[in-house]
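Let's take a walk through a protein fold together. Have the sequence and the 3D view ready, and turn the model as you read.

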Amino acid sequence: MTLQTIKKSDNSKVLLGKSLAELTAWVEEHGQPAYRGKQLYQWLYQKGARSLLDISVFPKKWREEMADYPLGRSTIHYRSVAADATRKYLLRLGDGLIIEAVGIPTSKRLTVCVSSQVGCPMDCDFCATGKGGFTRNLKAYEIVDQVLTVQEDFQQRVSNVVFMGMGEPMANIDEVVAAVKSLNQDVGIGARSLTVSTVGIPGKIQQLAQHQLQIVLAVSLHASNQALREQLIPSAKKYTLDNLLDECRDYVQVTGRRVTFEYVLLAGVNDLSENARELVQCLKGFQAHVNLIPYNPISEVDYQRPDKRRIQAFTDILEEANIAVSVRYSRGLEADAACGQLRASKI
Ligand code: SAH
């Protein structure tokens, strides 16, 4: 294939997402010695190259000839910075579609919240992303790109990645697993610092377990019984809470890793003491960690965030049952960058 026939959006051709061995083969195919594969690899994953022209260690004539070859990088379409220094990005992909990524700095860490799909097919009642429908899955390189983009913008190494942006990672499991492997091996982020969050799709947690990744699996439970879960999460009708928890148990057995359960707290809906007690029953037998997420407001629905007292009461019941609990006060609220607020609205 000649260079002219390679379109910028041609997925199979982009360089990002390729391993060192694949890049080495690629440079050789394009008339360069094998050692340049390592250089290309470093410039792609560590030095923020956005075009082959950037790679100053390569011969100038060759770079100019190859200047249009697609690397697979997005462009920053819009960036907003919240008072707490969280940065939300709207990124334009090769085909013009827009996705969101969020950079969340703390004193020691830089966490990136990545999208795995354009939009989301799950349509959870309290989440903004699903309201806009589903457009397409992301490729692994488009996920890796989000991390590199945030890393470059902050000029600081990313320490953690959470797959909690737009989309349902398990509905795009092959590309998500490929992205996890690339983030670990090529970008150099520890597997245990990578978290994949899922609302659950039948069979997918088991499939993920087979990969034996040392990542953190977070499961969006959000309800303490089947009826309540169906009310909040349409897909729960086809995948019962019992089935989901069974699959989580198998996951723990196969991987030896714990599971984190996420539970968005909606005032008067799922935050009652009886819900907390039911949740304790659901999680019997798990060495569970529960991450409570006080609801972040979105415009389409009128749920409320519970007050501090209710959150504390819920927390106390779980802790009394020896369940580890953390409360995620989402960062970036006023930049619409918090959990559940991601949508491509500012295009
Ligand atoms: N599809 C994945 C990732 C979603 S985002 C999943 O369902 O797990 C990460 C977390 O934010 C999920 O637990 C999701 O349910 C939660 N979330 C969605 N909307 C929210 C909102 N408005 N307030 C707080 N958390 C929300």
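The paragraphs below go through some strands, a helix, a few loop residues and the ligand site.

First, a word on how to read the model. This is a predicted model, in which local features need pLDDT of at least 70 and side-chain atom pairs count only at pLDDT 80 or more, while totals for chains, interfaces and linings use all residues. Residues are numbered from 1 along each chain as its sequence is written, and side-chain values use heavy atoms, with hydrogens and water left out. Helices (H or I, at least four residues) and strands (E, at least two) are DSSP runs, numbered from the N terminus.

Let's begin with the strands. Strand β2 (residues 87-92) is joined to β3 by 6 bridges, and the two run antiparallel; strands count as paired if DSSP finds at least two bridges between them. One of the partnerships to look for is tyrosine 89 with alanine 101 in β3. The link from β2 to β3 is a hairpin with 5 residues between the strands, and glycine 96 in that turn has a positive phi of about 90°.

Now follow the chain into β3 (residues 98-105), which pairs with β4 in the antiparallel sense over 4 bridges. Here a hairpin of 4 residues makes the connection. Proline 105 has leucine 110 in β4 as its bridge partner, and glycine 103 is matched with valine 112 in β4.

How do side chains arrange themselves along a strand? In a regular strand they alternate between the two faces of the sheet. You can see this in β3: Ile98, Glu100, Val102 and Ile104 point one way, Ile99, Ala101, Gly103 and Pro105 point the other way, and all are buried. Buried means under 20% relative accessible area, exposed means over 50%, and partly exposed is in between (1.4 Å probe, protein chains only). Strand β4 (residues 110-113) shows the pattern too, with Leu110 and Val112 on one side, Thr111 and Cys113 on the other, and all of them buried.

β4 has another partner as well. It runs parallel to strand β7 (residues 160-163), with 3 bridges joining the two. Look for cysteine 113, which stands opposite valine 162 in β7.

Next comes a helix. Does the length of α5 agree with what its residue count predicts, and what span should we expect? The expected span of a helix is 1.5 Å times one less than its number of residues. At 1.5 Å a residue, the 15 residues of α5 (residues 140-154) should span 21 Å, and the end C-alpha atoms are 22 Å apart, which agrees. This helix is mostly covered, with 13 of its 15 residues buried. Just after α5, glutamine 155 takes a positive phi of about 50°.

That brings us to backbone angles. Most residues other than glycine have a negative phi, and most peptide bonds are trans. Alanine 85 has a positive phi, near 80°. This alanine sits in the loop between β1 (75-81) and β2, and alanine 85 counts as partly exposed because its relative accessible area is 35%. Histidine 222 also has a positive phi, of about 65°, although it is not a glycine. It lies in the loop between β9 (216-220) and α8 (226-232). Is histidine 222 buried or exposed? With a relative accessible area of 5%, histidine 222 is buried.

Arginine 192 tells another story. This residue is in the loop between α6 (173-187) and β8, and arginine 192 counts as exposed because its relative accessibility is 56%. The C-alpha atoms of arginine 192 and valine 216 are separated by 6.1 Å, although these residues are 24 apart along the chain.

Finally, visit the ligand. Of the 18 residues around it, Phe126, Ser197, Ser220, His222 and Asn296 come nearest; here a residue is near a molecule if one of its heavy atoms lies within 4 Å of it. A backbone N or O atom of phenylalanine 126 lies 2.9 Å from a nitrogen atom of the ligand. A polar backbone atom of glycine 167 is 3.0 Å from a ligand nitrogen atom, and one of asparagine 296 is 2.9 Å from a ligand nitrogen atom. Taken alone the ligand exposes 530 Å², and the protein buries 96% of that; such areas come from the Shrake-Rupley method with a 1.4 Å probe.

Definitions and conventions: Polar contact = N/O pair within 3.5 Å; in protein donor to acceptor, adjacent residues only side chain to side chain.
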